[in-house]
Structures are given as structure tokens and as C-alpha cells.
Amino acid sequence: MPRVTTLRLRPEDPADTGAVRRVLAAAFARPDVSTPPEVGLVEELRDSDAWLPMLAMVAEYGGEVVGYALLTRVRVKSDDHTAPALALGPVAVAPHRRRIGLGAAVVQAAIEAATELGERLVVVLGDPVYYHRFGFGRADRMGLTSPWSGLGDPWQALVLPPATSGEGPPPRGEVLFPPPWSKV
């Protein structure tokens, strides 16, 4: 009988740190750097107030951590107040497990977890064709600015369903990223 390989999507466990580092290093490897900046970004975010452990998702395939999607806290500053939001990234899949849907699965798991927690807004800088499948659209058209606003289509946002029917619209304004993001 053929062996069935199972996919398990779950929050990152402290024991996964090394495996997540390896996935990030392999996924973002470049010949001009020994350690991709995405590795350091995740490590610094883990030690910051932006870290939300239940929104650091891993994809475990056949018992091996091969995918990762991270949502961390950002703030949206408008004229009169600051509201919480989330930033998606980095998203990574081990090169030997690409093109079988693991990236989409782990991103969807992170988005679903954020929705269950009552979050309202997720921003991402990435390929519009890829992120459109999750419902992302141009962030500037939603009234959101950031250091990446000038990039146009790659600066995207996703409005999550409201936790209650009486909840107002999602925040608009300048998205403020925690300090580790400035190094990427």
C-alpha cells in the first residue's frame, strides 16, 4: 500500500526555530549574501512587541517543516488615532517542496487564524498575481500608505471580515512597521 504524506498547518512552536531558519535561508538564498535578511527579520520580530506567536504558521509536510507564513503587528496611523493591523511576511517554502500548494496553504492558514482572532486588516508587499487569490488588492486604493506605497501594485491589503456586525470600516492612514522591518 502506498504511503500517504500528510500536510499539517499549525502555529510555530519554539522547537521549530531551527527548521524555520533553514526554510527561510533556502527560500531566500542569494549569491551575494551569506544569510538572507528575511532570516534576521524573523529572528528580530520574535523578540519584539510585534510578535504574535499564534500567527507564525508553519507547513509540516511528511513530518518536515517546509513552509512558513508570518503575520506580525503593525499600526495604522490616521489623523486622530492609531489602529492595529497585521503585516504578512515573510512567506517561504523550501525549494524542494515548491509548486505543490504549500505556500498558499500556509498563507491561508495564517489569514484564517487572524480572522478567528478578530483582526481586520492585513498588508503585504508582494506579487499581486499571487496574493490576489487570497483577496488582496492595492493598498493605496484602500487609503493606506507606507514606505512601499510608491511601488504601486505590490503594496497590497486585505480587509478581513468584521468580528461583529456593528464594526466600522477598516483603518485608513499610514502603516507603521516595527523597527526590524527597516532592515529588509
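In this predicted model, the side chains of Asp140 and Arg138 pair up in a salt bridge at 2.5 Å, N to O, where the term stands for a side-chain nitrogen of Lys or Arg within 4 Å of a carboxyl oxygen of Asp or Glu. Asp140 is partly exposed at a relative accessible area of 33%, and Arg138 is likewise partly exposed, at 24%. On the scale used here, buried is under 20% relative accessible area, exposed is over 50%, and partly exposed is what falls in between, with a 1.4 Å probe and protein chains only. Elsewhere, Arg8, Arg10, Asp16 and Glu60 are joined into one network by salt bridges that share partners. The structure holds nine salt bridges.

A word on ground rules. The model is a prediction, so local features need pLDDT of at least 70 and side-chain atom pairs count only at pLDDT 80 or more, while totals for chains, interfaces and linings use all residues. Residues are numbered from 1 along each chain as its sequence is written, and side-chain values use heavy atoms, with hydrogens and water left out.

Two further salt bridges bring together parts of the chain that are well separated in sequence. Arg46 meets Glu12 at 2.8 Å, N to O. Arg46 sits in helix α2 and Glu12 in the loop between β1 (7–11) and α1, so the pair ties together parts 34 residues apart in sequence. Both Arg46 and Glu12 are buried. Helices and strands here are DSSP runs numbered from the N terminus, with H or I and at least four residues for a helix, and E and at least two for a strand. The other pair is Glu119 with Arg73, whose closest N and O atoms are 2.7 Å apart. Glu119 belongs to the loop between α3 (102–116) and β5 (121–125), Arg73 to strand β3 (residues 64–77), and the two are 46 residues apart. Again, Glu119 and Arg73 are both buried.

Arg46 turns up once more in the helix packing. The axes of α1 (residues 17–27) and α2 (residues 37–46) come within 8 Å and cross at roughly 150°. Those axes are lines fitted to C-alpha atoms over the stretch in contact, and the angle between N-to-C directions runs from 0 to 180 degrees. On the α1 side the contact is made by Thr17, Val20, Arg21, Leu24 and Ala25, and on the α2 side by Glu38, Val39, Val42, Glu43 and Arg46, contact meaning heavy atoms within 4.5 Å. Sorted by class, that makes five nonpolar, one polar and four charged residues; Ala, Val, Leu, Ile, Met, Phe, Trp, Tyr, Cys and Pro count as nonpolar, Asp, Glu, Lys and Arg as charged, and the others, Gly among them, as polar.

Glu38, in helix α2, is a bit of an oddity: Glu38 is buried yet has no salt bridge, and the nearest side chain of opposite charge, Arg30, is 5.2 Å away. For that search, Lys and Arg count as positive and Asp and Glu as negative, with His and the chain ends not counted. Leaving aside neighbours within four places in sequence, Glu38 is in contact with Leu24, Phe28 and Pro90. Pro90 is worth a look too, as a cis peptide bond joins Gly89 and Pro90, with omega at about -5°. Pro90 is placed in strand β4 (residues 82–93).

Another backbone feature shows up at Arg99, which has a positive phi of about 70° although it is not a glycine. Arg99 lies in the loop between β4 and α3 and counts as exposed at 85% relative accessibility.

Leu71, in strand β3, is buried at 0% relative accessibility. Not counting neighbours within four places in sequence, Leu71 is in contact with Leu52, Leu55, Leu86, Ala87, Leu88, Ala110, Ile111, Ala114 and Val122.

Thr145, in strand β7 (residues 144–145), is partly exposed at 40%. The C-alpha atoms of Thr145 and Gly173 are 6.2 Å apart, with their positions 28 residues apart along the chain. Beyond four places in sequence, Thr145 touches Trp155, Gly173, Glu174 and Val175.

As for annotation, an unreviewed UniProt entry lists residues 7–161 under "domain: N-acetyltransferase"; the positions follow the numbering used here, feature names are shortened, and annotations may be inferred rather than shown by experiment. That span is 26% helix and 33% strand, and its end C-alpha atoms lie 26 Å apart.
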